[in-house]
Amino acid sequence: MSRIPVSLLVFGLMIVFAQTGFAAEPTHLKLYTIQGKFDTVREDVEIAITGRGLVIDHVSHIGAMLERTGKDIGATKKVFDKADALLFCSASVSRHAMEADPANIVFCPYGIMVYTLPQDPKTVYVGYRRPVSTAAGSSKAALKAVEDLLDGIVREALNLK
C-alpha cells in the first residue's frame, strides 16, 4: 500500500475547503463585489444610507487623494481606479453601542467604502470595517446591531437578499 505525501494531502484539503466555502472570512472587514459602474453603485449606497434617515457627514475621496499625492512621495503605482468612503452615524444605534461601552466610540462614524481597481474597473467592491469587540454582553449585542445596520445598507444597495 502506497503512502500519500503530506504536501499532496494538505494541498488537496486546501482545495476542498476553498470549494466548500470553509475559507475563513476576515474578521476586520466585510466585502462584497458586484459587476457594474462605480458611480451607479456609489449612488445606490448613498441612497440606501439616506433612505434610512441617516445623514452622510463626509465623503472621503480616497482614490483621488492617493492619485493626487502619489507624485509628491515618488509613488507610481495606481492603487484604485476610483475609491470613496461614505461616513455617517446613527443616533439610536450609536447611542446603544456607547451606552453599552463608551469605548465603542471608536467605531463611530461608520464608513462604507466603494472602490474599483485599475485592472478591472467594472468590478465594484463595497464593504465596511466590522465593529469587532472582545467585550461580552450588552456591548457585543450593540455592536452586532451596528454590523447589522451596515450589512443591511450594503445588501440593499447591491440588491442582495
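## Helix α5 and the nonpolar cores

Helix α5 (helices being DSSP runs of H or I with at least four residues, strands runs of E with at least two, numbered from the N terminus) is followed by Asn 159, whose phi is positive, near 55°. This is a predicted model, in which local features need pLDDT of at least 70 and side-chain atom pairs count only at pLDDT 80 or more, while totals for chains, interfaces and linings use all residues. Residues are numbered from 1 along each chain as its sequence is written, and side-chain values use heavy atoms, leaving out hydrogens and water.

With its 20 residues, α5 reaches 29 Å from its first C-alpha to its last, close to the 28 Å expected at 1.5 Å a residue, a span counted over one less than the number of residues. Its buried residues (under 20% relative accessible area, 1.4 Å probe, protein chains only) include Leu 143, Val 146, Leu 150 and Ile 153, and what covers the buried residues of α5 includes β1 (29-35), α2, β3, α4, β4 and β5.

The largest nonpolar core (buried Ala, Val, Leu, Ile, Met, Phe, Trp, Tyr and Cys joined through side-chain atoms within 4.5 Å) has 27 residues, and Ile 49, Phe 88, Ile 112, Val 114, Val 126 and Ile 153 have the most contacts inside it. These elements each supply at least two of its residues:

| Element | Range |
|---|---|
| α2 | residues 38-50 |
| β3 | residues 82-88 |
| α4 | residues 91-100 |
| β4 | residues 110-117 |
| β5 | residues 120-129 |
| α5 | residues 138-157 |

The most comes from α5, with 8 residues. A second, separate core of 5 residues includes Ala 83, Tyr 115, Leu 117 and Tyr 125. Leaving aside neighbours within four places in sequence, Val 114 is in contact (heavy atoms within 4.5 Å) with residues including Phe 38, Val 45, Ala 83, Leu 86, Tyr 125 and Val 126.

Notes. Buried means under 20% relative accessible area, exposed over 50%, partly exposed in between (1.4 Å probe, protein chains only).
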